[in-house]
Amino acid sequence: MMAESGKASKGVKSKKVNALGVLDSRPLPDNDFLALWDAIIIEPKTKDRLLSQAVLNFTLRPKVNRALIPLHGIILLVGTPGTGKTSLARGLAARTAEALHIMLDFHYIEVEPHALASSALGKSQKAVTELLGTTIAEQAAIGPLIVLLDEVETLTTDRSKLSLEANPVDVHRATDAVLAQLDQLATRYPNLLFIATSNFPQAIDAAFLSRADLIQTVDLPEPDACKSILCSTVQELAKSYPKLNEIHLDAEFDRVARICQGLDGRRIRKLVAAACTFDKQTALDPNRLTIHDLIRAAEHAQAEARNGKGMSI
C-alpha cells in the first residue's frame, strides 16, 4: 500500500466510492478511457509531456523533499470548450495507470464540483472539506489515486475578483478550504494525482494556479488535425455504412478540412453526423452521404460558430 510513507504495493483493491460530489469511481486502467485518449487528436508531443508529468508524479514525489521540490500532484488542462480536455484527462488517467499497472493498482474518482455548491452559509466549505479531507484522503490511503476536477474554477474561484457584497463569504471560504486540503493531501499522499480542467482559467484563483505542477493549454486543432478528426469520424461511421470507406479519398475532402479550421474537435465530429440530416433518405441510409453534404455541414458549422449558436444546422 502507498500511503503517507509513499511506499506502494499491489494487492489492496479499492471499492467504488459513493459520496457527495463524486460523479464517477472506477478502477484503472479502463478500456473506455483508453479509447478516449486515442480519440483525442492533438500534438503527440503534448500527449507525451502530459503522460510523463503524470508518471513522474508517482515515481518522483514519494522520494523528494517537498520543501525543496514543492510538487502538489496537480495537472491543469485549459482551453476553449470542445477541445477535448475532459476526455483527455480521463484518457490520461487510464494511460498513467496502464504505464504503472505492473507495480500499482490505481483507482479513479471524478468530482462533480456543482454538487458541492450551496447557497447556505458554510455548506460549500463543509462539503469541500468532507470530500477532499475525508473521501479523497481515505481512498488515497488505500492506494494510488487519480482524481479529475472538471471545471475547477467552480471550486477555486479567484477571490481577488469577488465582491463580498455581491458574493457570499461562503464562496471565499470554499476556495480557502480547497487550497488548504490540497496542501494537506500533497504532503500526506504522494500517490495522489489531481487532473483539473477549465474553460475559464482567468476565473481560477492565483493560489491554485501556483500549485499546479503543469498547466497545459489544449488548443483548437491545426489543419492536419482537422483532417485527422474528420477521417477518424467518417471511418467510425463506415463501420456500419461501408460505402463511406472511400469518401475521405475524394479530392474535395481536403476542402472540408480547410473549412473546419477554427472549429473545435467536438464540433468537427458532430458535423459529420449533421451532414446526414440534409436529406431524409440519407438520414435513413447514411451510405448515401456525399462529400458535398460534408462541405455544406462544415460551412454551416462555421456560420453557427461565428454566430455563437452552437452546433444546430
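A nonpolar core is here a set of buried Ala, Val, Leu, Ile, Met, Phe, Trp, Tyr and Cys residues joined through side-chain atoms within 4.5 Å. In this predicted model, the largest such core holds 33 residues, among which Ile-136, Val-147, Leu-192, Phe-194 and Phe-208 touch the most other members. Two or more residues are given to this core by each of the strands E2 (74-78), E3 (106-111), E4 (145-149) and E5 (192-198), and likewise by each of the helices H4 (123-142), H5 (169-188) and H6 (206-211). Helix H4 provides the largest share, with seven residues. For Ile-136, when neighbours within four places in sequence are left aside, the contacts comprise Ile-109, Leu-131, Leu-145, Val-147, Leu-185, Leu-192 and Phe-194; of these partners, Val-147, Leu-192 and Phe-194 are themselves listed with Ile-136 as residues that touch the most other core members.

The chain as a whole contains eleven helices and six strands, and 48% of its 313 residues are buried. Among contacts with a sequence separation of 6 or more, 80% are accounted for by residues 24 or more positions apart. The exposed area of the chain amounts to about 15,100 Å², of which carbon and sulfur atoms supply 52%.

Helix H1, which spans residues 31-39, has Phe-33, Leu-34 and Trp-37 as buried residues. These residues lie on the same side of H1, because the arc that they cover around the axis is only 105°. Packing against the buried residues of H1 involves strand E1 (22-28), helix H2 (44-59), helix H3 (85-100) and strand E3, the last of which also gives two or more residues to the largest nonpolar core. On the face turned away from this buried side, H1 carries the exposed residues Asn-31, Asp-32 and Asp-38. The N-terminal end of the helix is capped by Asp-30, a side-chain oxygen of which is placed 3.0 Å from the backbone nitrogen of Asp-32.

Further along the sequence, helix H7 comprises the 16 residues 223-238, and its end C-alpha atoms are 23 Å apart, which agrees with the 22 Å that the helix should span at 1.5 Å a residue. The buried residues of H7 are Ala-225, Cys-226, Ile-229, Leu-230, Cys-231, Thr-233, Val-234 and Ala-238. Helices H8 (253-259), H9 (265-274) and H11 (291-307) are the elements against which these buried residues of H7 pack.

Note on methods
Residues are numbered from 1 along each chain as its sequence is written. This is a predicted model: local features need pLDDT of at least 70, side-chain atom pairs count only at pLDDT 80 or more; totals for chains, interfaces and linings use all residues. Side-chain values use heavy atoms; hydrogens and water are left out. Buried means under 20% relative accessible area, exposed over 50%, partly exposed in between (1.4 Å probe, protein chains only). Helices (H or I, at least four residues) and strands (E, at least two) are DSSP runs, numbered from the N terminus. Contact means heavy atoms within 4.5 Å. Accessible areas come from the Shrake-Rupley method with a 1.4 Å probe; for residues, only the protein chains shown count as cover. The arc is that of the directions from the helix axis to the C-beta atoms. A polar contact is a pair of N or O atoms within 3.5 Å; within protein, one must be able to donate a hydrogen and the other to accept it, and residues adjacent in sequence count only if both atoms are side-chain atoms. The expected span of a helix is 1.5 Å times one less than its number of residues.
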